[in-house]
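Reader: I am in my first year and would like to learn how the words used for a protein structure are justified. Could you take me through one example with care?

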Amino acid sequence: MAVLLEFEKKVERLRKKIEELKEKGKHDPQVIREIEEKFQKKIEEFYSNLTPWDKVLLARHPDRPHAIDFINNVFEEFVELHGDRHCGDGKAIIAGFAYFKGIPVCVIAQEKGRDTKDKITRNFGMPTPEDYRKALRVMKLAEKFGKPIITLVDTPGAFPGIEAEEHGQSEAIAKNLLEMSKMKVPIISVIIGEGGSGGALAISVANRLLMYENAVYSVISPEGCAAILWQSQDKVKEAAEALKLTSKYLKELGIIDDIIPEPLEGAHKDYKFTFKKFEEYVEKHLKELLKMSPEELKEDRYRKFRKIGSYQSQE
């Protein structure tokens with residue numbers, strides 16, 4: 001059964017009323033068509049003016065495509081690798097090798113899980129140190145054999161539990177940032193849902209950072225921001241606005257490189273369209289990066305991150 005957000009319920013009620021009018025057959029077909037056209041324009045106007053908080057809700061939508069859906073639909077012959085070769089095998093990150101458009105690539109993907117059992121197994125998409133070390137181990141293999149790396153970002157953040165801290169969560173994240181910055185193969189990261197803080201950054205130190213239209217990418221969640229600044233969850237909408245976490249803002253700020261379009265009402269409404277656009281945009285950027293030498297790739301990545309946050313002061 002499809003899950004509807006509050007603002008989606010309003011749209012669905014109007015859609016049902018139009019369907020009822022059509023079923024009754026008491027109205028002129030021309031009148032029905034005019035009503036449908038007006039409804040479509042209203043829908044387009046509504047979704048083009050979503051607030052940052054609305055985008056957060058869409059990014060977290062239960063029916064939104066997950067990393068495992070992308071792996072099964074846009075990659076071929078995926079082979080998963082397990083274990084961090086230290087102490088465990090995290091389940092929030094899926095790592096392995098596959099073919100993308102005939103090109104052998106490394107795939108690193110954060111998976112939240114669907115049903116309750118799967119969510120618990122995947123730790124609700126919150127990676128542990130074992131997840132990050134496994135991801136780095138597989139990425140180092142990709143570098144050794146000269147294979148491009150594609151990462152799929154979808155996490156509320158790194159797991160903040162005591163055990164994660166005891167196992168070196170901050171060190172694992174920091175090590176990934178350091179090692180990814182030095183890699184001599186193309187890295188493309190795609191934010192498919194939530195990009196939460198260091199938990200997302202630990203697999204997105206990339207040459208190209210792409211982001212779905214209704215995805216979010218931020219240093220902290222709106223709830224966390226509201227709790228710190230206002231000590232109130234009533235301020236989550238204001239926090240979402242202040243964080244500038246939407247694709248539009250991040251593109252303007254030069255943090256992301258491209259925005260991948262979504263269906264009008266969100267990625268969960270049309271998986272086929274969503275996967276097609278992924279293939280189109282990732283292939284375009286991958287072809288550009290494959291023309292670069294290993295040293296050029298390192299320099300390109302360095303310059304990308306050096307320019308983030310730069311500003312000019314007016315005297």
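**Reasons behind the words**

Author: Let us begin inside one helix of this predicted model: Lys182 and Glu179 both belong to helix H8 (residues 169-182), where they stand three residues apart, about one turn of the helix.

Reader: What makes Lys182 and Glu179 a salt bridge?

Author: The cut-off is a side-chain nitrogen of Lys or Arg within 4 Å of a carboxyl oxygen of Asp or Glu. For Lys182 and Glu179 the closest N and O atoms are 3.9 Å apart, so the pair meets that limit and is called a salt bridge. In general, side chains of opposite charge can pair when their charged atoms come close.

Reader: Why is Glu179 called buried, and what is Lys182 called?

Author: Buried means under 20% relative accessible area, and exposed means over 50%, with partly exposed in between. Glu179 has 13% relative accessibility, so it counts as buried. Lys182 has a relative accessible area of 40%, which lies between the two limits, and therefore Lys182 is partly exposed.

Reader: How do you know that Lys277 and Glu280 are separated by about one helical turn, and what are the two residues called, buried or exposed or partly exposed?

Author: Lys277 and Glu280 are three residues apart in helix H13 (residues 271-289), which means about one helical turn between them. Their side chains meet in a salt bridge, with 3.3 Å from N to O. Lys277, at a relative accessible area of 17%, falls under the 20% limit and is therefore buried, whereas Glu280, at 38%, is partly exposed.

Reader: Which residues are joined into one network by salt bridges that share partners?

Author: That network consists of Arg60, Lys112, Asp154, Glu194 and Glu223. The structure holds 22 salt bridges, and one of them links Lys112 with Glu194, whose closest N and O atoms are 2.7 Å apart. Lys112 sits in the loop between strand S3 (103-110) and helix H5 (116-121), while Glu194 is in strand S5 (residues 187-196), so this pair ties together parts that are 82 residues apart in sequence. Both Lys112 and Glu194 are buried.

Reader: Why is Leu229 called exposed?

Author: Leu229 has a relative accessible area of 53%, and because exposed means over 50%, the word applies to Leu229. Leu229 is found in helix H10 (residues 222-229), and together with Ile228 and Trp230 it makes a nonpolar surface patch of about 320 Å².

Reader: What is said about the phi of Gln231, and why is Gln231 called exposed?

Author: Gln231 has a positive phi of about 50 degrees although it is not a glycine, and it lies in the loop between H10 and helix H11 (236-243). Its relative accessibility is 62%, over the 50% limit, so Gln231 counts as exposed. Lys101 also has a positive phi, of about 55 degrees, without being a glycine, but with a relative accessible area of 45% Lys101 is partly exposed.

Reader: How many salt bridges are counted between domain 1 and domain 2, and what area do the two domains bury between them?

Author: The domain assignment gives domain 1 (6-49) and domain 2 (55-306), and the count between them is zero salt bridges. Domain 1 and domain 2 bury about 610 Å² between them, 57% of it on carbon and sulfur atoms. Of the area that domain 1 buries against domain 2, Phe7, Glu8 and Tyr47 supply 70%, more than any other three residues.

Terms used:
Residues are numbered from 1 along each chain as its sequence is written. This is a predicted model: local features need pLDDT of at least 70, side-chain atom pairs count only at pLDDT 80 or more; totals for chains, interfaces and linings use all residues. Side-chain values use heavy atoms; hydrogens and water are left out. Patches are made of residues with over 30% relative accessible area and no salt bridge: like charges are joined within 9 Å, nonpolar side chains (Val, Leu, Ile, Met, Phe, Trp, Tyr) within 5 Å. Accessible areas come from the Shrake-Rupley method with a 1.4 Å probe; for residues, only the protein chains shown count as cover. Helices (H or I, at least four residues) and strands (E, at least two) are DSSP runs, numbered from the N terminus. Buried means under 20% relative accessible area, exposed over 50%, partly exposed in between (1.4 Å probe, protein chains only). Domain bounds come from an automatic or database domain assignment. Buried area is the accessible area (1.4 Å probe) that two parts lose on being put together, summed over both.
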